[in-house]
Amino acid sequence: MTNRIPYTKPSITELEVEYAADAARHGWGAQCYEYIDRFENEFGKYLGVEHTIATSSCTGAMHMGLAALGIGPGDEVILADTNWIATVAPVKHLGASPVFVDIDPVTWCIDPERADAAITPRTRAIIATHLYGNLADMTALLALGERYGIPVIEDAAEAIGSEWLGKKAGSMGLFSTFSFHGTKTLTTGEGGLFATNDTKLFEKVLTLSNHGRVRGQSRQFWADMIGFKYKMSNIQAAIGCAQLQRIEELTARKKEILAGYKTRLINETGISLNPEPSDGINGAWMPTVVFTKETGVTREILQAAFAEANIDARVFFWPLSSLEMFEDCSENIHAWEIPCRAINLPSYHDINHEQIERVVGVISRTIQCSGTQ
Ligand SMILES: *Cc1c(COP(=O)(O)O)cnc(C)c1O
């Protein structure tokens, strides 16, 4: 049996180990926020955003951001039906109602026209998730938000290294959230970040993030309101600082892997991979192949073929509205259909040529077996 090819695996060098050890040895007492402050500052600079708050997860960052906007019962939040559960969970925790709209079949991200059609007097936010590194159409979404006075929020968990018209993903919405989970392009093990250029919103989230204690409050252990506890630890931030120092290398490699798949698959018909936006850059977090209906290739055929080849390929996100907690919105045809004929490919930093060839071989054989070529 050939070696198993995992689908993701972080790239941890001596630098990350050195920083983590330093934080473990010295990052206490007066130094207990040193790596956190540094990580927040440097990530903000990298993004081109003024305010950042490191968190324990992207989910926590989203929860606090939505709470700071005052979103609660009776409010609606529009998002793509195609999403990880983490994006919608905070909406539900706050008692608001998610409104799932269909995706654009090319970008696999929220379709701005569908978002437009879903707006009601109760809409309080639109969340744009940049799926697998692909960019949601931020020009259309920001114009839509402006027209109705509704904030556009970016879930940029999968979009480190992605750009839209020269702006980094996560620098365009009222606020954005990032994830540094072990599967993401930059990792701290678990971790996340809240980013915004809005100073008032930043102060609100800062207070919420500190158990409701307003900055400058002189009374010790005094909480001004009920807040949250979603903090990143100094040791995690130390690993993050090392990863951030290598960010160009990490994102360049992701793009190289996606380009490698595209080059090798250029002559196959009936498939498409993550698109490059005409005026932007795809950060290529997760190379994904979508097969046309005509190929007859299904998720189940793909899962069996990859399992047989000892390759860890993952299914495309199920539409959230297909989960039991939500009402079925199967009229979102692309969100419901695309996952039935798509698969995520391995793309970890140290994957080699031979392994990429093995993955490509499975795709080519699957197309041939389906009999359309
Ligand atoms: C990974 C991910 C999240 C959740 O991140 P956590 O840090 O695990 O909370 C949220 N949204 C998207 C789109 C993701 O891919």
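The following exercises, each with a worked solution, concern a predicted model.

Residues are numbered from 1 along each chain as its sequence is written, and side-chain values use heavy atoms, with hydrogens and water left out. In this predicted model, local features need pLDDT of at least 70 and side-chain atom pairs count only at pLDDT 80 or more, while totals for chains, interfaces and linings use all residues.

**Exercise 1. Helix H12**

Compare the expected span of helix H12 with the distance between its end C-alpha atoms, and state what covers its buried residues.

Step 1. Helices (H or I, at least four residues) and strands (E, at least two) are DSSP runs, numbered from the N terminus. The expected span of a helix is 1.5 Å times one less than its number of residues. Helix H12 covers residues 353-369, and its 17 residues should therefore span 24 Å. The end C-alpha atoms are 24 Å apart, which agrees.

Step 2. Buried means under 20% relative accessible area, exposed over 50%, and partly exposed in between (1.4 Å probe, protein chains only). Among the buried residues of H12 are Ile 356, Val 359, Val 360 and Ile 363. An α-helix has 3.6 residues a turn, so residues three or four places apart point the same way.

Step 3. The cover over the buried residues of H12 includes helix H9 (247-264), strand E10 (271-273), strand E12 (288-291) and helix H10 (299-308).

**Exercise 2. Strand E9**

Determine which strands pair with E9 and whether its faces are covered or open.

Step 1. Two strands pair if DSSP finds at least two bridges between them. Strand E1 (residues 51-55) is antiparallel to E9, with five bridges; here Gly 192 of E9 is the bridge partner of Thr 55.

Step 2. Strand E8 (residues 175-179) also runs antiparallel to E9 and is joined to it by five bridges. In this case Phe 194 of E9 is the bridge partner of Thr 177.

Step 3. In a regular strand the side chains alternate between the two faces of the sheet. In E9, Gly 192, Phe 194 and Thr 196 lie on one side, Leu 193 and Ala 195 on the other, and all are buried. Both faces are thus covered.

**Exercise 3. The ligand**

Describe the surroundings of the ligand and state how much of its area the protein buries.

Step 1. The ligand is surrounded by 13 residues, the closest being Thr 59, Asp 155, Glu 158, Ser 179 and Lys 184. A residue is near a molecule or strand if one of its heavy atoms lies within 4 Å of it.

Step 2. Helix H3 (58-68) and helix H4 (85-93) each contribute at least two residues to this shell.

Step 3. A backbone N or O atom of Cys 58 lies 2.9 Å from an oxygen atom of the ligand. Polar side-chain atoms of Glu 158 and Ser 179 lie 2.4 Å and 2.7 Å from an oxygen atom of the ligand, respectively. Taken alone, the ligand exposes 380 Å², of which the protein buries 92%.

**Exercise 4. An open sheet**

Identify the edge strands of the sheet E10-E12-E14-E13.

Step 1. These four strands form an open sheet with antiparallel pairing.

Step 2. E10 and strand E13 (314-315) each have a single partner strand, so one side of each is left without a neighbour in the sheet. They are therefore the edges.

Step 3. E10 and E12 pair over three bridges, and Ile 271 stands opposite Phe 291 in E12.

Key. Contact = heavy atoms within 4.5 Å. Polar contact = N/O pair within 3.5 Å; in protein donor to acceptor, adjacent residues only side chain to side chain. Areas by Shrake-Rupley, 256 points an atom, 1.4 Å probe, with all protein chains shown as cover.
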